[in-house]
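User: I'm new to this one. Could you walk me through how to read a few of its features?

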Amino acid sequence: MDSRDKLARDALKSQFMRRVYLERPDHDDSQGCNAGSLLHDIVDVADDSYPRQFHYSRETYVYIYVLKLRSDGSEVLCKVAAASLTGEKRLVQEARMYESPNTASLQGTVMPKYHGLFQGDVNSFFKVTCMILEHCGKPLSRPLIHEDFAFRDAVLNAYSQLHTAPAMLVKGDASEYKYEDIVRRGNGQPCLVDYGSSRPHRGDCDQPRFDFKSFTPIPGTDLSCGEILEVSKAAGALMDNSFEIKGIGPMHYHPKKTIADYWRSARSEMMARGYNETGGHEVIQKHLEEYKNYLKDMEALGKPGNDE
Ligand SMILES: [Zn+2]
């Protein structure tokens, strides 16, 4: 147990953690009559088997613990930033997304249900911020591509729900996509977690959902969201539309193109690399066959009934 962990645990057992409302800055709780306005009121602090540590992120300094709700004894997750401005900023940003009325209808399905953000000063030096969320299940432990078709399909639908009305939000940049942010609920449906880098969607989403067996859009020719492209690739929905011959560059695939067509389009590059027409045809043929096998594999991934 390090000092932040100890500070966080002390705060969770304390009676100083007070609910803060980000979307209602005028919220007046000065009368103190708002039931459930203390963490202590909604979380069972008497049970000594809690809090249990669930996860710790070295990047964001956020601890996640499992706690127990007072109301029905169900387990919830508690994300805690203790004496960390980076962690606090991230939790506040995330809480703002949960408190927005736009995400209310998604909570409990594709997003976890939100139970509030709490803050308190454990001692005069350290501020502790924590957020209580539904415990939806375990995150994926391997890349999305290994999940069955129905689940991958449902994950693409979940992301498309985030990107369209009423939520209209981007969970993060393409580089921030992680399979660990996808949780399989007890009912087999996906829940997407961690909104610490989420932001409102700018304008309408150009294409919130790609069908399986779609060819990857050519970069720069359309306005697809990076996040949607990334998860569609991860789910095995998008197929490359070109094959690469080393040193020559990509050949754009078309089912009607012949070997002679590919040779014609790359003749000067291939001749510069020392290929004559016969040798060029052979190497194109070999790469095209490999690419067609790849397409066959991708088609199998894009169909129900081919699950592991
Ligand atoms: Zn989008």
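**Reading the features, step by step**

Analyst: Let's start with a loop: Pro166 sits between helix H4 (149–163) and strand E7 (169–170). Keep in mind that this is a predicted model.

User: What kind of peptide bond joins Ala165 and Pro166?

Analyst: Omega is the angle to look at here. For Ala165 and Pro166 it is about 5 degrees, and the bond is cis. There's another cis bond to find between Tyr50 and Pro51, with omega at about -5 degrees. Pro51 belongs to the loop that runs between helix H2 (39–42) and strand E2 (52–57).

User: Okay, and phi? Which sign does it have at Ala83?

Analyst: Positive, at about 55 degrees, although Ala83 is not a glycine. You'll find Ala83 in the loop between strand E4 (75–82) and helix H3 (85–99). Lys213 is not a glycine either, and its phi is also positive, about 65 degrees. Look for Lys213 in the loop linking strand E10 (199–200) to strand E11 (214–215).

User: How do I judge whether a residue such as Val128 is buried or exposed?

Analyst: Count the other C-beta atoms within 10 Å; 20 or more makes a residue buried. Val128 has 27 of them, so it is buried. Ala83 has 16 and therefore comes out as partly exposed. Lys213, with 16 as well, is partly exposed too.

User: Where is Val128, and what is it in contact with?

Analyst: Val128 is in strand E6 (residues 127–134). Setting aside neighbours within four places in sequence, its contacts include Leu7, Ala8, Ala11 and Met17, and also Val80 and Ala82. Gln119, Gly120 and Val122 are in contact with Val128 as well. Try the C-alpha atoms too: those of Val128 and Ala81 are 5.9 Å apart, though 47 residues separate the two along the chain.

User: Last one: how do I read a pair of helices?

Analyst: Packed helices are described by the angle between their axes and the distance between the axes. Here, the axes of H4 and helix H5 (residues 226–234) come within 10 Å and cross at roughly 175 degrees. Angles over 145 degrees count as roughly antiparallel, so that is how H4 and H5 run relative to each other. On the H4 side, the contact is made by Val155, Leu156, Tyr159 and His163. H5 brings Glu227, Ile228, Val231 and Ser232.

User: How many residues of that contact between H4 and H5 are nonpolar, polar or charged?

Analyst: The contact of H4 with H5 divides into 5 nonpolar, 2 polar and 1 charged.

Terms used: Residues numbered from 1 in each chain as written. Predicted model: local features only at pLDDT ≥ 70, side-chain atom pairs only at ≥ 80, totals over all residues. Helix = DSSP H or I, 4+ residues; strand = E, 2+ residues; numbered from the N terminus. Buried ≥ 20, exposed ≤ 12 C-beta atoms within 10 Å, placed from the backbone. Contact = placed C-beta atoms within 7 Å. Axes fitted to C-alpha atoms, helices over the stretch in contact; angles between N-to-C directions. Parallel < 35°, antiparallel > 145°, perpendicular 65-115°, else oblique. Nonpolar A, V, L, I, M, F, W, Y, C, P; charged D, E, K, R; others polar.
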